[in-house]
Amino acid sequence: MARRTSRPARTRTRTDARTAPGTATTVPPAAPAGPCPCGAGEPYGACCGRFHTGAAAAPTPELLMRSRYSAFAVLDAPYLLRTWAPATRPERLDLDPGTRWTGLEILETTGGSAFHPAGTVTFRARFREGGRDGELLERSRFERHEGAWVYVDGTFPE
């Protein structure tokens, strides 16, 4: 999921070393006990929040996709950049605080087990922006980089 805009994100300053090269040193506010934006039914802190803080790494492309969707929802650009393949990672990422992510549906996954070097996740992400509802349909590619899953790029299937 590579949605980018030019509006500044509303964030608070981060003072630790969890940021990736080329990222701003900010982290969005999030309620650990609140529901996770990815829709898995777990509290944010026990679901995608643990990946965002660096307490754990996503063990599959699907969980990385869910955590990246949640990062868009909570405006965590440093996490998105940190989990982006170095070869395709943009220099910076400006998230639009006016976009409200409203739902994620995983449609298909391929590969991505402990024995695969790559995997894909096809998903539908719903959002509300400028008073209008929209959706993003994407097939994202993931690869292992230094032992961790990273987002490579995405295509937009018909």
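**View 1. Inside the nonpolar core of the predicted model.** Among the 31 residues that make up the largest nonpolar core, the ones touching the most other members are Leu93, Leu95, Ala125 and Phe142. Keep in mind that what you're looking at is a predicted model. Who chips in to this core? Helix H2 (61-73), H3, S3, strand S4 (118-129), strand S5 (132-145) and S6 each hand over at least two residues. H2 gives the largest share, with five residues.

**View 2. The whole chain, for orientation.** Before zooming in again, here's the overall layout: three helices and six strands. Walk along the sequence and you get the pattern β-β-α-α-α-β-β-β-β. The protein has 158 residues, and 39% of them count as buried. Take the contacts between residues at least 6 apart in sequence, and 50% of them join residues at least 24 apart. On the outside, the protein exposes about 8200 Å², with carbon and sulfur atoms supplying 51% of that area.

**View 3. How confident is the predictor?** Mean pLDDT for the protein comes to 86, and 81% of the residues reach 70 or more. The stretch to treat with care is residues 3-28, where the pLDDT is below 50. Even so, the model gives this stretch 66 contacts beyond near neighbours in sequence.

**View 4. Aromatic pairs around Tyr151.** With ring centres required to lie within 6.5 Å, the count comes to five aromatic pairs. Start with Trp84 and Tyr151: their ring centres are 5.3 Å apart and their planes sit at 85 degrees, so this pair is edge-to-face, given that anything over 60 gets that label. Trp84 comes from the loop between helix H3 (77-82) and strand S3 (100-111), while Tyr151 belongs to strand S6 (residues 148-155), so the pair ties together parts that are 67 residues apart in sequence. Are these two rings buried or exposed? Trp84 counts as buried because its relative accessibility is 3%, under the 20% cut-off. Tyr151 is buried too, at a relative accessible area of 2%. Tyr151 also pairs with Phe142, again edge-to-face, at 5.9 Å centre to centre and 70 degrees between the planes. Both members of that pair, Phe142 and Tyr151, are buried. Phe142 may ring a bell from View 1, where it is listed with the core residues that touch the most other members.

**View 5. A charge over a ring, and an aromatic cluster.** Which ring does the charged end of Arg68 sit over? The ring belongs to Trp84, and the charged end of Arg68 is 5.0 Å from its centre. The other thing to look for is an aromatic cluster formed by Tyr69, Phe72, Trp101 and Phe127.

**View 6. Arg126 and its company.** Arg126 lies in strand S4. With a relative accessibility of 33%, Arg126 counts as partly exposed, because that value falls between the 20% and 50% cut-offs. Skip the neighbours within four places in sequence, and Arg126 is in contact with Tyr69, Arg100, Trp101, Thr102, Gly103, Glu105, Gly134 and Glu135. Two of those names, Tyr69 and Trp101, also turn up in the aromatic cluster. As for Arg100, its C-alpha atom and that of Arg126 are separated by 8.7 Å, with their places 26 residues apart along the chain.

**View 7. Leu136 on strand S5.** You'll find Leu136 in strand S5. Its relative accessibility of 16% is under 20%, so Leu136 counts as buried. Leu136 and Phe156 are 20 residues apart along the chain, and their C-alpha atoms are separated by 8.2 Å.

**View 8. Two residues with positive phi.** Most residues other than glycine have a negative phi. Leu75 goes the other way, with a positive phi near 60 degrees. Its place is in the loop between H2 and H3, and at 11% relative accessibility Leu75 counts as buried. Glu146 isn't a glycine either, yet it has a positive phi of about 50 degrees. Where does Glu146 sit? Look in the loop between S5 and S6. Glu146 counts as exposed because its relative accessibility is 76%, over the 50% cut-off. So the two positive-phi loop residues contrast in cover: Leu75 is buried, whereas Glu146 is exposed.

Conventions:
Residues are numbered from 1 along each chain as its sequence is written. This is a predicted model: local features need pLDDT of at least 70, side-chain atom pairs count only at pLDDT 80 or more; totals for chains, interfaces and linings use all residues. Side-chain values use heavy atoms; hydrogens and water are left out. Rings of Phe, Tyr and Trp (its six-membered ring) pair if their centres lie within 6.5 Å; planes under 30 degrees apart count as stacked, over 60 as edge-to-face and the rest as tilted. Helices (H or I, at least four residues) and strands (E, at least two) are DSSP runs, numbered from the N terminus. Buried means under 20% relative accessible area, exposed over 50%, partly exposed in between (1.4 Å probe, protein chains only). A charge sits over a ring if NZ of Lys or CZ of Arg is within 6 Å of the ring centre and within 35 degrees of the ring normal. pLDDT is the predictor's confidence in each residue, from 0 to 100. Contact means heavy atoms within 4.5 Å. A nonpolar core is a set of buried Ala, Val, Leu, Ile, Met, Phe, Trp, Tyr and Cys residues joined through side-chain atoms within 4.5 Å. Accessible areas come from the Shrake-Rupley method with a 1.4 Å probe; for residues, only the protein chains shown count as cover.
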